[in-house]
Amino acid sequence: MTVSSLGYVNLDVADMEGWLRFVTSIFGLEPKPRADGAVDLKMDEFHHRFSLYPAASNQLRSVGWEMQSSASLQALVSKLRAAGIEVTEGSDALKLERRVRELWRFHEPNLGLETELFYAPSACNVPLAATRPISGYNTGTLGLGHIVFSASDPAATVAFYTEMLGFKISDYIIWDGIDATFLHCNPRHHTLAIMNEFGPLKGGDLNHIMIEARSFDDIGTAYDIVRDAGYPVMLDMGKHSNDHMQSFYTFTPSGFAIEYGFGGRVIEGDWKVRTYDQPMLFGHRPPA
Ligand SMILES: [Fe+2]
């Protein structure tokens, strides 16, 4: 009854045009406009991994976690209900919108996150029509990528995701007043990370989403595009101490960041949890 991967992310966006320029020019994602004004974004064999909804203000609308089987989904629904969490089945219309066979949803109380659990997404046999030349994305059993939040009560939040959703601890990094816990649910080093509140980030705020390219050249060429177009950079090119991801971070039109990475290591064998004292092996500096 454990989550198997990060499946999809749904965003309310105030600047749809800006978002579409951002995701197509930098990341090559394929927009699939819908009749209702929303735009789905394809990055791999899934029909889509992101949905952008036109809105008056920016917010994270919901996150979808993939389950390995219908039985594990049903078992998790029962477990959440036994813990006093209200879980409702998604309507047929919502299942169609998400392109999944089974769907249940609940309000995750620690991050205040609208959360969806799904099983059997529709696979699309048409390859990605990338909007710039890229090698594609490292997804599959590793899922969409990873997602990182600040929490007002990091310990309770980590306990919820480990005890209720089945995540396991990968490692910790403590630096400059930030205490981050990294969690995995498949071989991807981390699918979720929880940090304390720091700077402008309060509990429940989305810090960044990481998507992983199949080629380091995709990262380098994207970095040139970002700098040439004047998109704001959160962290320059660098390599992380824990997952060894080589990446840079650029702010989305919604204010949180996308980390565009390559070469992240996977959890394997007799994994030992470590605590690191800095997040980078090199680089990842804020721009001057
Ligand atoms: Fe990251």
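Across the interface of domain 1 and domain 2, zero salt bridges are found in this predicted model. What does appear between domain 1 and domain 2 is a set of seven residue pairs in polar contact. The area buried between the two domains is about 3000 Å², and carbon and sulfur atoms account for 74% of that area. On the side of domain 1 that touches domain 2, the elements giving two or more residues are strand S1 (3–13), helix H1 (16–27), strand S5 (59–67), helix H2 (70–82) and strand S7 (100–108). Of these, S1 supplies the largest share, with ten residues.

For orientation, the domain assignment of the protein chain places domain 1 at 3–121 and domain 2 at 140–283. Their C-alpha centres lie 19 Å apart, and 37 residues of domain 1 are in contact with 39 residues of domain 2.

Salt bridges are found elsewhere in the model, where the count comes to 13. A good place to begin is Arg 34, which forms a salt bridge with Asp 36, the closest N and O atoms being 3.0 Å apart. The side chain of Arg 34 also meets that of Asp 40 in a salt bridge, at 2.8 Å from N to O. Arg 34 has a relative accessible area of 18% and therefore counts as buried, the cut-off being under 20%. Asp 40 is buried as well.

Another pair is formed by Arg 49 and Asp 44, whose side chains meet in a salt bridge with an N to O distance of 2.9 Å. Both partners are buried: Arg 49 has a relative accessibility of 0%, and Asp 44 has a relative accessible area of 8%. Salt bridges that share partners also join Arg 34, Asp 36, Asp 40, Glu 97, Arg 98, Arg 105 and Glu 116 into one network.

The iron ion offers a further point of interest. Its coordination comes from His 146 (NE2), His 208 (NE2) and Glu 259 (OE), at 2.0 to 2.2 Å. Along the sequence, these donor residues follow the spacing H-x61-H-x50-E. Because His 146 lies in strand S9 (residues 146–150) and Glu 259 in strand S16 (residues 257–262), the pair ties together parts that are 113 residues apart in sequence. His 146 is buried, at 1% relative accessibility, and Glu 259 is likewise buried, with a relative accessible area of 1%.

Definitions and conventions:
Residues are numbered from 1 along each chain as its sequence is written. This is a predicted model: local features need pLDDT of at least 70, side-chain atom pairs count only at pLDDT 80 or more; totals for chains, interfaces and linings use all residues. Side-chain values use heavy atoms; hydrogens and water are left out. Donors are N, O and S atoms within 2.8 Å of the metal (3.2 Å for Na, K and Ca); water is not among the atoms, so sites may look incomplete. Helices (H or I, at least four residues) and strands (E, at least two) are DSSP runs, numbered from the N terminus. Buried means under 20% relative accessible area, exposed over 50%, partly exposed in between (1.4 Å probe, protein chains only). A salt bridge is a side-chain nitrogen of Lys or Arg within 4 Å of a carboxyl oxygen of Asp or Glu. Domain bounds come from an automatic or database domain assignment. Contact means heavy atoms within 4.5 Å. Buried area is the accessible area (1.4 Å probe) that two parts lose on being put together, summed over both. A polar contact is a pair of N or O atoms within 3.5 Å; within protein, one must be able to donate a hydrogen and the other to accept it, and residues adjacent in sequence count only if both atoms are side-chain atoms.
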